[in-house]
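Me: I have a structure to go through with you. Shall we take it in short steps?

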Amino acid sequence: MTDTLDLAVIGNSAGRVWSGHAVLAVRLVFAAALVPFASAVPAAAMTLEVEASTTPPGFHRGDLLRYLVRHMAETKLADWRFEPAANNGSAADRVEWSFRLNPYAGGDVRNFTRPHMAERIFGVHRPITIEARLFLNGEYQTLVEKQAIIEGGPDDPDLAAAVASVTQDLLGPHGAFRAIDNGRRQAHGR
């Protein structure tokens, strides 16, 4: 009788050990299945406010910020979100844009019509310098400058491409911010 009782106790213990291993194995398989999904979930994107100190030809100040935000968002940078700046001063986390018309290579020609009227009538392409400055936590980080030839206005594909290019050069995976960020990490790591 003791032999059968001992065998029953051993059988129950072995069953509990086996079921414990089975539960552990199921948990490990479940955890392994979740790892690819957990790494695919991106970290929260940082929101940058978009400001402009000057405007390119063909824009009113209020329309420009929405235009910049739209074309910056089209670059699909996962780590960043963009919003037009509020009118109550400079935000701590922001991108400041400026646009400067460059002189023509052959020099300017004196004309007697208002420049904006001539540009609307003839669709003049003008060389322009675009600058975007990045500020994080209220501190200046880096600047990207680009030369482009644009017609101006919200329907200008050259201006849209230039805004997207500057955004990539500033915030993209191989952009200026990543370069200085990696430089800081290497300096602190040594």
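**From one residue to the sheet**

Reply: Start with F177, which sits in helix α5, residues 176-189. Keep in mind that this model is predicted.

Me: Is F177 buried or exposed?
Reply: Buried means under 20% relative accessible area. F177 has a relative accessibility of 9%. That value is under the cut-off, so F177 is buried.

Me: Which residues does F177 contact, leaving aside neighbours within four places in sequence?
Reply: T142 is 35 residues from F177 in sequence. In space, their C-alpha atoms are 6.5 Å apart. T142 is one of the contacts, and the full list is W80, L134, L136, Q141, T142 and L170.

Me: L170 is in that list. Which helix counts L170 among its buried residues?
Reply: The helix covers residues 157-171 and has 15 residues. Its buried residues include L159, V163, V166 and L170. The helix is α4.

Me: Why are the buried residues of α4 on the same side?
Reply: The buried residues of α4 are L159, A160, A162, V163, V166, T167, L170 and L171. They share a side of α4 because the arc they cover around the axis is only 160°.

Me: Which residue caps the N-terminal end of α4?
Reply: Look for a side-chain oxygen by the backbone nitrogen of D158. One lies 2.9 Å from that nitrogen. It belongs to D156.

Me: Which strands does α4 lie across?
Reply: The open sheet has five strands in the order β2-β1-β3-β4-β5, with mixed pairing. Helix α4 runs at about 150° to β5. It lies across β1, β2, β3, β4 and β5.

Me: Which are the edge strands of the sheet?
Reply: An edge strand pairs on one side only. In the order β2-β1-β3-β4-β5, look at the two ends. The edge strands are β2 (80-84) and β5 (139-150).

Me: How many bridges join β1 to β2?
Reply: Strand β1 covers residues 46-52 and runs parallel to β2. Within this pair, L48 stands opposite F82. The number of bridges is five.

Me: Now T129, in strand β4. Which side chains make polar contacts with the T129 side chain?
Reply: T129 is buried, with a relative accessible area of 2%. One polar contact, of 2.9 Å, reaches the side chain of N102. Another, of 3.0 Å, reaches the side chain of Q147. The partners are N102 and Q147.

Terms used. Residues numbered from 1 in each chain as written. Predicted model: local features only at pLDDT ≥ 70, side-chain atom pairs only at ≥ 80, totals over all residues. Heavy atoms only, no water. Helix = DSSP H or I, 4+ residues; strand = E, 2+ residues; numbered from the N terminus. Expected span 1.5 Å × (residues − 1). Buried < 20%, exposed > 50% of the residue type's maximum accessible area, 1.4 Å probe, protein only. Arc of directions from axis to C-beta. Polar contact = N/O pair within 3.5 Å; in protein donor to acceptor, adjacent residues only side chain to side chain. Pairing = 2+ DSSP bridges. Contact = heavy atoms within 4.5 Å. Axes fitted to C-alpha atoms, helices over the stretch in contact; angles between N-to-C directions.
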